Every structure is written in structure tokens, then in C-alpha cells.
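Work through the exercises below with the sequence and the 3D view at hand. Try each task before reading its solution.

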Amino acid sequence: MPYIAIGRIIQVFNEHQPNRTILYLVSDKGIDEFPKGRVSLKTALEWQAKEMICNVYAPS
């Protein structure tokens with residue numbers, strides 16, 4: 001799996017609906033903005049440790 005960094009998009013397993021995933025942009029703001037689809041790098045790394053991330057998309 002590619003490494004997680006600011007500016008990348010991560011695909012996360014949805015805890016409430018197991019058959020669906022959610023896309024989030026890893027933001028440099030340092031705060032989570034879930035309704036806007038942004039998460040902090042800290043949260044993304046925590047999710048990676050819990051194995052909640054199923055894919056990482058890097059800009060080309």
C-alpha cells in the first residue's frame with residue numbers, strides 16, 4: 001500500500017455499512033472535517049494502524 005501523506009486520498013471501510021467505503025482527502029489543517037471529506041494526517045495514521053484504510057490514491 002502506498003504511504004499516507006498530505007494531499008492524498010484514502011479509501012476507508014465504513015463501520016456502519018460494511019459493504020461501502022468512504023473517500024477522504026488527507027488535509028494539512030490538522031483538524032477533521034468529516035462533512036467536507038477531509039481528515040487530518042494524525043487521524044489517517046490512526047486509521048492505518050487500525051487497518052481501516054483499504055486503498056490510498058496518490059495524485060499523478
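The exercises cover strands, core, aromatic rings and charges.

This is a predicted model: local features need pLDDT of at least 70, side-chain atom pairs count only at pLDDT 80 or more, and totals for chains, interfaces and linings use all residues. Residues are numbered from 1 along each chain as its sequence is written, and side-chain values use heavy atoms, with hydrogens and water left out.

**Exercise 1. Strand pairing**

Task: Find the strands that pair with β1, and the partners of Val12 in them.

Solution:
- Step 1. Fix the terms. Helices (H or I, at least four residues) and strands (E, at least two) are DSSP runs, numbered from the N terminus. Two strands pair if DSSP finds at least two bridges between them.
- Step 2. Take β1, residues 9-13. Its link to β2 is antiparallel, with 5 bridges.
- Step 3. Turn to β4, residues 53-57. β1 and β4 are also antiparallel, over 4 bridges.
- Step 4. Place Val12. Opposite it in β2 stands Ile22. Its bridge partner in β4 is Ile53.

**Exercise 2. The core around Val12**

Task: State which residues make up the largest nonpolar core, and what Val12 touches.

Solution:
- Step 1. Define a nonpolar core: a set of buried Ala, Val, Leu, Ile, Met, Phe, Trp, Tyr and Cys residues joined through side-chain atoms within 4.5 Å. Buried means under 20% relative accessible area, exposed over 50%, partly exposed in between (1.4 Å probe, protein chains only).
- Step 2. List the members. The largest core has 11 residues: Ile4, Ile10, Val12, Tyr24, Val26, Val39, Ala44, Trp47, Met52, Ile53 and Val56.
- Step 3. Sort by element. β1, β2, α1 and β4 each give two or more residues to this core.
- Step 4. Check contacts (heavy atoms within 4.5 Å). Beyond its neighbours within four places in sequence, Val12 meets Thr21, Ile22, Tyr24, Trp47, Met52, Ile53 and Cys54.

**Exercise 3. Aromatic pairs**

Task: Describe the rings that pair with Tyr24.

Solution:
- Step 1. Apply the rule. Rings of Phe, Tyr and Trp (its six-membered ring) pair if their centres lie within 6.5 Å; planes under 30 degrees apart count as stacked, over 60 as edge-to-face and the rest as tilted. The count comes to 3 aromatic pairs.
- Step 2. Try Phe34. Tyr24 and Phe34 sit edge-to-face, 5.9 Å centre to centre, with 75 degrees between the planes. Tyr24 is in β2 (residues 21-27) and Phe34 in the loop between β2 and β3 (38-40), so the pair ties together parts 10 residues apart in sequence.
- Step 3. Compare burial. Tyr24 is buried at 10% relative accessibility. Phe34 is partly exposed at 40%.
- Step 4. Try Trp47. Tyr24 and Trp47 form a tilted pair, 5.3 Å centre to centre, with 50 degrees between the planes. This pair links β2 to helix α1 (residues 41-49), 23 residues apart. Trp47 is buried at 12%.
- Step 5. Combine. Tyr24, Phe34 and Trp47 form one aromatic cluster.

**Exercise 4. Salt bridges**

Task: Trace the salt bridges of Glu33.

Solution:
- Step 1. Recall the idea. Side chains of opposite charge can pair when their charged atoms come close.
- Step 2. Set the limit. A salt bridge is a side-chain nitrogen of Lys or Arg within 4 Å of a carboxyl oxygen of Asp or Glu. The whole structure has 2.
- Step 3. Follow Glu33, buried at 14% relative accessibility. Lys29 bridges to Glu33 at 3.6 Å, N to O. Arg38 bridges to Glu33 at 3.0 Å, N to O.
- Step 4. Join them. Lys29, Glu33 and Arg38 are linked in a network of salt bridges. Arg38 is partly exposed, at 26%.
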